[in-house]
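Here are some worked exercises to try with the model open in your viewer. Have a go at each task before reading its solution.

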Amino acid sequence: MTKEIQLGSPPDQSPSRYASKSPKPMASTSDDTDPTLYLPLTKPPKSILPTPIAVSHTGTNKLTLVPLIFLIFFEVAGGPYGAEPAVSSAGPLYALIGFLVFPFIWSIPESLVTAELSSALPGNGGFVVWADRAFGPFFGWLMGTWKYLSGVINCAAFPALFADYLSRVYSPVGSGSGYYITVTVMNIVLSILNFTGLSIVGWFAVVLGVLSLSPFVLMTGIAIPKIKPSRWLTKAENKDWRLFFNTLFWNLNFWDSASTMAGEVDKPGKTFPRALVVAVIMTSLGYILPLMAGTGATNASPDAWGNGFFADAAGMIAGKWLKYWIEVGAVLSSVGLYEAQLSSGAFQLVGMADLGLLPKFFAHRAPFFETPWVGILLSTLITMGLSFLSFETIVASANFLYSLGMILEFGSFIWLRVKHPDLFRPYRVPLRLPGLVIMCLVPSAFLILVMAIATWKVFVISVGFTAAGIAVYFIMRLCKAKGCLKFSTGDSS
């Protein structure tokens, strides 16, 4: 049986080449008394990943550092587009504080968890594998349900955002049949691009990232001499804290989404941690600097900051040429966001098939491009159906489901440290168990807040999706027992 990773295998080497060799014990340190920090290996290595079914072993379509950075960037942000409601709901000062502080209490802890587990368990499926190996298949399925649905719901927001920005240039696409045609065509065209493979999608994301961020670099530079700090103190007349926190959370979550493609990353033990560090810095600056420029260099009231107002702010600061560039950038950003989320969802289904949670055909690859065409097709159809919901409902529903999944993810991270202390971790969060618990409790408190302020409609949608997901889990178990469909054993031994 091919092993994707063994406990104690040498760093940044192909584990299968070393499967027959004795593991090299880790050096003893003064901290050996804490089994969650260091533990020498005294037994043969054991894999805790499932046997791969259809993972590409060729290097031609592997993700390298730069494309992975931009895929993570688009999984999370894609630029400051969509951050405007934070200003309208609470005012410039709270928006600036939120985007300055929130990365420290949310983005960094989530990124650290992702860096450790993605490098330690570099298989497709990401967080599904982590929950499965921590708590068993039911929780792996529950994680998969919450994260997959939050991903496709989140993906459905981008065609709507695309149409919203495009309507500022060509108004007929903003409503009626023009809107529906635009959303449908975008879903179809971008799903076809996704079939070409992660390497192509990754480098495409690099180009999109440069093009969509460039106008904000110019806007910030031009705005500097025009900024009046007193404008940051302007108050919003009617504060909407639910919208404010949902906007912050939606714009700075999904750091772990790229983990579902870990099996496609070249040297994940080194590549993932480095990519996450760069992506966190790039994303944080990509929000805070344009917000400082847009709110400090214009006299626009907070109420004017609806979705798409960054383009209007750029026009006030530099002229129509920059306004149109940002509108084009918003369209390109929506494309990148869609591609990244669609890839993540498709490869998550591959990982669930590897674990035996879904039938084997979900792991089938398309000829030549080696892309999971079944997952791409299913994700596209679901996204297309959800694209016609209101933007606010999409964001709030995605946040609620994602919050449930993240609480389970933090629990999986802590329990894997306890359950598998001798798992070789190319990157290891440098904290003992109490420190890790505190690190996870702070963002977990915010997750509970996000769920507590949800509307009844969002709560009903989330409970309904969860119940449906649990029902499908038992249907899959029945099919597996009856032999109706072919499943992987998901065996890691």
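**Exercise 1. Helix H3 against helix H14**

Task: Work out whether H3 and H14 are parallel, perpendicular or oblique to each other, and which residues make the contact.

Solution. Keep in mind that this is a predicted model.

Step 1: Pick out H3 at residues 92-120 and H14 at residues 433-452. Their axes come within 9 Å, with a crossing angle of roughly 120°.

Step 2: Classify the angle. Perpendicular pairs run from 65 to 115 degrees and antiparallel ones start over 145, so H3 and H14 come out as oblique. As for handedness, H3 goes past H14 in a left-handed crossing.

Step 3: List the partners. H3 brings Phe 102, Ile 105, Trp 106, Pro 109, Leu 112 and Val 113, and these meet Met 439, Val 442, Pro 443, Phe 446 and Leu 447 of H14. Sort the contact between H3 and H14 by type, and you get eleven nonpolar residues, no polar ones and no charged ones.

**Exercise 2. Cys 440, another residue of H14**

Task: Which residues does Cys 440 contact, leaving aside neighbours within four places in sequence?

Solution. Step 1: Locate Cys 440, which sits in helix H14.

Step 2: Check its accessibility. The relative value is 4%, and buried means under 20%, so Cys 440 is buried.

Step 3: Collect the contacts. With those sequence neighbours left out, Cys 440 touches Phe 410, Phe 413 and Ile 414. You can also check the backbone: the C-alpha atoms of Cys 440 and Gly 411 are 8.3 Å apart, although 29 residues separate the two along the chain.

**Exercise 3. Salt bridges**

Task: How many salt bridges does the model have, and where in the chain do the partners Glu 116 and Arg 425 lie?

Solution. Step 1: Recall the background. Oppositely charged side chains can pair when their charged atoms come close. Here we need a side-chain nitrogen of Lys or Arg within 4 Å of a carboxyl oxygen of Asp or Glu. The count by this rule is seven salt bridges.

Step 2: Take Glu 116 and Arg 425, whose side chains form a salt bridge with an N to O distance of 2.9 Å. Glu 116 belongs to helix H3, while Arg 425 is in the loop between helix H13 (391-419) and H14, so this pair links distant parts of the chain, 309 residues apart. Glu 116 and Arg 425 are both buried. They're also part of a salt-bridge network that takes in Arg 417.

Step 3: Move to Lys 147 and Asp 256, another salt bridge, at 2.3 Å from N to O. Lys 147 lies in helix H5 (residues 137-166) and Asp 256 in the loop between helix H8 (241-251) and helix H9 (268-296), so the pair ties together parts 109 residues apart in sequence. Lys 147 is buried at 3% relative accessibility, and Asp 256 is buried at 0%.

Step 4: Finish with Asp 312 and Lys 323, where the closest N and O atoms are 3.5 Å apart. Asp 312 is in helix H10 (residues 309-318) and Lys 323 in helix H11 (residues 320-354), eleven residues apart. At 22% relative accessibility, Lys 323 counts as partly exposed.

**Exercise 4. Gln 348 in helix H11**

Task: Is Gln 348 buried or exposed, and what does it touch?

Solution. Step 1: Find Gln 348 in helix H11.

Step 2: Read off the relative accessible area, which is 2%, so Gln 348 is buried.

Step 3: Go through the neighbours, skipping residues up to four places away in sequence. Gln 348 touches Gly 125, Phe 127, Val 128, Gly 144, Lys 147, Tyr 148 and Thr 260. Lys 147 should ring a bell: its side chain forms the salt bridge with Asp 256.

**Exercise 5. Two positive phi angles**

Task: Where do Phe 254 and Phe 368 lie, and is each one buried or exposed?

Solution. Step 1: Remember that most residues other than glycine have a negative phi. Phe 254 has a positive phi, near 70°, and the phi of Phe 368 is near 70° too.

Step 2: Place them. Phe 254 is in the loop between H8 and H9; Phe 368 is in the loop between H11 and helix H12 (373-386).

Step 3: Check the accessibility. Phe 254 is buried, at 2%, whereas Phe 368 is exposed, at 76%.

Technical notes. Residues are numbered from 1 along each chain as its sequence is written. This is a predicted model: local features need pLDDT of at least 70, side-chain atom pairs count only at pLDDT 80 or more; totals for chains, interfaces and linings use all residues. Side-chain values use heavy atoms; hydrogens and water are left out. Axes are lines fitted to C-alpha atoms, for helices over the stretch in contact, and angles run from 0 to 180 degrees between N-to-C directions. Helices (H or I, at least four residues) and strands (E, at least two) are DSSP runs, numbered from the N terminus. Angles under 35 degrees count as roughly parallel, over 145 as roughly antiparallel, 65 to 115 as roughly perpendicular and the rest as oblique. A crossing is left-handed if the near helix is turned anticlockwise from the far one by less than a right angle, and right-handed if clockwise. Contact means heavy atoms within 4.5 Å. Ala, Val, Leu, Ile, Met, Phe, Trp, Tyr, Cys and Pro count as nonpolar, Asp, Glu, Lys and Arg as charged, and the others, Gly among them, as polar. Buried means under 20% relative accessible area, exposed over 50%, partly exposed in between (1.4 Å probe, protein chains only).
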